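Student: I am new to this structure and should be grateful for a close look at a single part of it. Please place that part in its wider setting as well.

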Protein chains: 4
Amino acid sequence: MVVVMKAEATEEDIQRVAEKVRDAGGEAFVSRGKYQTIIGLVGDTTRFTSLPLQLMPGVENVMRIGKPYKMVARGLHPAPTTIKVGTAAVGRDSFALIAGPCAVESEEQAMAAASAAKAAGASILRGGAYKPRTSPYSFQGLGERGLEILAECRAETGLPIVTEVVDASHVEHVAAVADCLQVGTRNMQNFELLKEVGQTHKPTMLKRGMAATIEEWLMAAEYVAQRGNQEIILCERGIRTFEPATRNTLDLSGMIVAQQETHLPVIVDPSHATGRKELVAPMARAALAAGADAVMIDVHPNPEDALCDGPQALTPDEVAVVGAELAALARALGRRMA
Amino acid sequence: MVVVMKAEATEEDIQRVAEKVRDAGGEAFVSRGKYQTIIGLVGDTTRFTSLPLQLMPGVENVMRIGKPYKMVARGLHPAPTTIKVGTAAVGRDSFALIAGPCAVESEEQAMAAASAAKAAGASILRGGAYKPRTSPYSFQGLGERGLEILAECRAETGLPIVTEVVDASHVEHVAAVADCLQVGTRNMQNFELLKEVGQTHKPTMLKRGMAATIEEWLMAAEYVAQRGNQEIILCERGIRTFEPATRNTLDLSGMIVAQQETHLPVIVDPSHATGRKELVAPMARAALAAGADAVMIDVHPNPEDALCDGPQALTPDEVAVVGAELAALARALGRRMA
Amino acid sequence: MVVVMKAEATEEDIQRVAEKVRDAGGEAFVSRGKYQTIIGLVGDTTRFTSLPLQLMPGVENVMRIGKPYKMVARGLHPAPTTIKVGTAAVGRDSFALIAGPCAVESEEQAMAAASAAKAAGASILRGGAYKPRTSPYSFQGLGERGLEILAECRAETGLPIVTEVVDASHVEHVAAVADCLQVGTRNMQNFELLKEVGQTHKPTMLKRGMAATIEEWLMAAEYVAQRGNQEIILCERGIRTFEPATRNTLDLSGMIVAQQETHLPVIVDPSHATGRKELVAPMARAALAAGADAVMIDVHPNPEDALCDGPQALTPDEVAVVGAELAALARALGRRMA
Amino acid sequence: MVVVMKAEATEEDIQRVAEKVRDAGGEAFVSRGKYQTIIGLVGDTTRFTSLPLQLMPGVENVMRIGKPYKMVARGLHPAPTTIKVGTAAVGRDSFALIAGPCAVESEEQAMAAASAAKAAGASILRGGAYKPRTSPYSFQGLGERGLEILAECRAETGLPIVTEVVDASHVEHVAAVADCLQVGTRNMQNFELLKEVGQTHKPTMLKRGMAATIEEWLMAAEYVAQRGNQEIILCERGIRTFEPATRNTLDLSGMIVAQQETHLPVIVDPSHATGRKELVAPMARAALAAGADAVMIDVHPNPEDALCDGPQALTPDEVAVVGAELAALARALGRRMA
């Protein structure tokens, strides 16, 4: 960290800061300029960040210089990690398609979507049994029955399952069925849920909060990692901006920054980011071209009848086209579709 | 709802939409213009919103016209509601000061902050025992012991307590001590927590999510109300914007809009919104002048040693000044400080 | 437009709205529901939008249903337009690379950047002679001398030039040299500049304002078109969001929406959007994969010495690699790099 | 500035940075820590900011520590400045009401609005002759004739006039009539206009760009000041956020930060910020309570017939009530309404 002193700070003010840092076990280097003095803090910054140095007399500003995340950071772990999800894998050496229904609505609908996903080349099946919905009057998911249907879909197609968990108390029974747990955008800073998920050994897909900075997203991942679970897949799904034409704004450059900062795989959900089916295919291609490790796409046998997010769902025919396009594009980019 | 048809929509397209609406138990009024046809949907809109009409052939756009919230809305409940919190009350006929430590750090610190709050004219004590922190390496609160200390502070000062609950499984034991439960900004759409809180009969302070629209905030309140708990206080605490000079941007006009839309009290937290102690007093005055039902302010006996959010905490002397200023301003505005 | 009446609106309120619309030459269709009445307005909506109907008694809400842009819209002009810029072209049937220095700093620097652009496969040369800079203490561009240097670069490389114009009074002399005028993000709603540019017959590249909605961007283009100049290229260059890791957030899905809404070409500037050189290549690929009609990239012979935006500039070697990658990717996507 | 070196930076990398700084006339202080080395840069930071140090080998990050604005900053000018506008004044020792029509539409309308403004206690008359409108199909203002009408209003009421100038070439003739020039939100970074206004000796009201940070706003003021005109009034008018319930989000805490950073007066426009007339009075009160130096309010004799921004205009009766409320509130706060 760096402490910038006010122009009018006294020598005593400067010494007081330096002592406080030394008391906390750090070193303080003082650079005296003509107009302003800067104090460089060196040592274990975790200790200093809890000191409210900006309240000390003569201090103008305190700036953090290191990264607050450790376990998920590239620093100690330069090579990218590949996460195994059942028989499939997500990582930087292949490109994966994850597809399936937004919500499991019935056995028939889920099976049709799952078959479509497999036919399109997906290696992982998505599907929500517990649905966090903005309105209490909207369809809330089938719950336990939804999990059973997903297990049937897996048995039928052979695809491992990623499904959302919405409360710490659900983790155990969802983990009993799922191959990969999903923590949704609205729960990215539900720290009790993160801690619970961190105590399982299940791969976990952590969606970016729609108003979370990349740093906050990685700190949420750090909560999971710190409890012992480093099997984390990060998923960019659009951030909230002033633009109303799309549901959210897909932050592809943020996805790349996340890949640079962490060794974990980073994937993209163009369906939830845009909320519009005609944008799913081009944004999935864009995600692949930008280097995403996977894309996750909503499929529904009959979007007109969907109970959740119908406007963004692709039909089986449409997802088949997208799957073929992505496979061809991956080849052209020197990657292999998993 | 209104369905806007494309210029090239056929008569068949129009009839198909009208039938779908009638099948769902609604009425459809067709307005044929020279360039464009508009279909007005009348009836129980909850049924229509789940129909993905925008996917039907010939449809250009679907616009919702009613409000999605019911129980918290002004419509059925025109008079403003006053919520009792222990011996205190929050509502439009008085102005309340809520104050106390951001986090309970020790018996001594909490008691000093509580006494300062009381001396400043506060009628409710705030204090966090469970703290949702961005970093897993930051102080996470004293938990159970924090609740005990808060109970001691109440015994000593006579002030009722508002304290945060961060997980559905904690609701019961936090509610056993608290006079008012707080759901924090990061949990505003933790729907399992909202449902659980909705099953208690405890007053609940629902902070606005930092990236939540007013409508989403009221829908979160609707989750609580729908489960049977209408004792809800809404708290505006700043929204996320591009401006880095303050932690968030306090949306005072949003606070007023919330007051217009709902019968529930709406209060303001200038401490967490700005993150800077010198902005707390002027923004508290502004909140009162704009019509807020209460303000909630962080107090710490020694902000330089605070384990959480020190830069925004007022000292006992400072909060005493703010309390006196607010009481005088309330009188000038024809309101009474509770 | 649709006028939604309040539940308590009287028959008289309804008639008053209907008459006001008829007075303005429109038709009003009234749909009476059990709870709410909706009035559909049909006719020339330009007339109605200026009526402040929402102030009339009994009116709850007024919603616009048509698009406010006409000349740049797809409606009357379904086929995409290709814009000729000197010997080059920008449109949906090919993919163009535009490259060059952010600012012209000297003859030597500009020529080196221009040669690098050409060698990388660029068909158009970018370069700023007049630079709008946030700080008055930053390099403001070479002005007239910069234009002369650009003309020399064109003579040498054969590449047509796009360069920024920053004031209505400059349009004539910049247009005397430039093959394409650029209106920058900070001037997107400098309407006097737009009107002046609209009176030339020069192709014009209109960058999206960093806080402009897609609709506002197209309305800015409408200003140019309405004055007689329909030779407009739209350029997405990142929008302002809360995320600090990149300078702005490149809105690729917004680029696609703009392509759907207008017949004009839409291109992408990954250099200014991200502000970080390591993000330029992947975001350029993503733009191409999403369907952009061109990308525009900053080049500098020696970024460490750049007077403007050095951190985002590619070296000649780097842009050569990017050019080759884009050409290969374009082929794989069935497009031809111009 | 502070340069943070990468953990793996070599001694040579460190020396290269230090030399580059010394070559530019500065001093470099090196703090070597166990994990990371920090280089403090001292001297004229204007010189260093143009150096792209972050591109040098071994550099992780470069952080600016000083403020980029000089002439408008508090540093050299600790006492607040009061700006005279004709017979009126705007500054921290009084509170001013500025009122009048959004746009001058006719002699009759403008005169009625001006009289209402005066009767309500306004000391300055606002009114637009040149209107920057999002749509080319909207009313664009009366231009020259509008200025004449404003001059007549001044003759009649005695109130000095603030009116917008939208292009550098208009400055001279608008300044011939106006007592105070206004630069609007869309032109905040129209640097040619700022430079031109900076060469007049007219007081200038500089509205904050709707997506401008406070720092960018002050840098725009610096452009005006640097050309010799320090008679600047800053006006906060709402920033663009994700919240659709209000036109923009009034950033009152940003207003206070601007007052802390600069010696110039800072005022608030609640009419344009909210776009809704029922929010104007409470937000004007809030602005006063937060310490704004003035508020600026739209008035129209008949808002239902307004050609511009009718939904936010107060009637003469309404503005009279607001004026009286503000005068009483100012007294209660120990301020005098000018």
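**A strand at a chain contact**

Tutor: In this predicted model, chain C is superposed on chain A by a rotation of 180 degrees, with 0.0 Å of shift along the axis and an RMSD of 0.0 Å. That is the relation of a two-fold axis. Within chain C, the residue that comes closest to the rotation axis is C:Ala286, whose C-alpha lies at 2.0 Å. Of the interface residues of chain C, 100% are also interface residues in chain A, so the copies meet through the same surface.

The part chosen for the close look belongs to another contact, the one between chain B and chain C. Chain B contributes 19 residues to this contact, and chain C contributes 19 residues. On the side of chain B that touches chain C, at least two residues come from each of β1 (2-5), β2 (27-32), β3 (37-42) and β4 (59-63) of chain B. Sorted by class, that side of chain B holds eight nonpolar, eight polar and three charged residues.

Among these strands, β3(B) deserves particular attention. Six of the six residues of β3(B) are buried, so this strand is largely enclosed by the rest of the structure. B:Thr37, B:Ile39 and B:Leu41 point one way from the strand, while B:Ile38, B:Gly40 and B:Val42 point the other way, and all are buried.

The pairing of β3(B) with other strands can be followed next. With β1(B), the strand β3(B) pairs in the antiparallel sense over three bridges. With β2(B), β3(B) also pairs in the antiparallel sense, over six bridges. B:Ile38 of β3(B) appears in both pairings: it is the bridge partner of B:Val4 and the bridge partner of B:Ser31.

For the wider setting, the domain assignment of chain A gives domain 1 as 2-63 and domain 2 as 83-332. The C-alpha centres of these two domains of chain A lie 45 Å apart.

A residue of chain D offers another view of how chains meet. D:Thr246 lies in the loop between β12 (232-236) and α8 (252-261) of chain D. With 21 other C-beta atoms within 10 Å, D:Thr246 is buried. Leaving aside neighbours within four places in sequence, D:Thr246 is in contact with B:Ser253, B:Gly254 and B:Val257 of chain B, and with D:Thr274, D:Gly275, D:Arg276 and D:Leu279 of chain D. By contrast, D:Asp93, 153 residues apart from D:Thr246 along the chain, has its C-alpha atom separated from that of D:Thr246 by 31 Å.

Note on methods. Residues numbered from 1 in each chain as written. Chains lettered and ligands numbered in written order. Predicted model: local features only at pLDDT ≥ 70, side-chain atom pairs only at ≥ 80, totals over all residues. Least-squares fit on C-alpha atoms with pLDDT ≥ 70 in both. Contact = placed C-beta atoms within 7 Å. Helix = DSSP H or I, 4+ residues; strand = E, 2+ residues; numbered from the N terminus. Nonpolar A, V, L, I, M, F, W, Y, C, P; charged D, E, K, R; others polar. Buried ≥ 20, exposed ≤ 12 C-beta atoms within 10 Å, placed from the backbone. Pairing = 2+ DSSP bridges. Domains from an automatic or database assignment.
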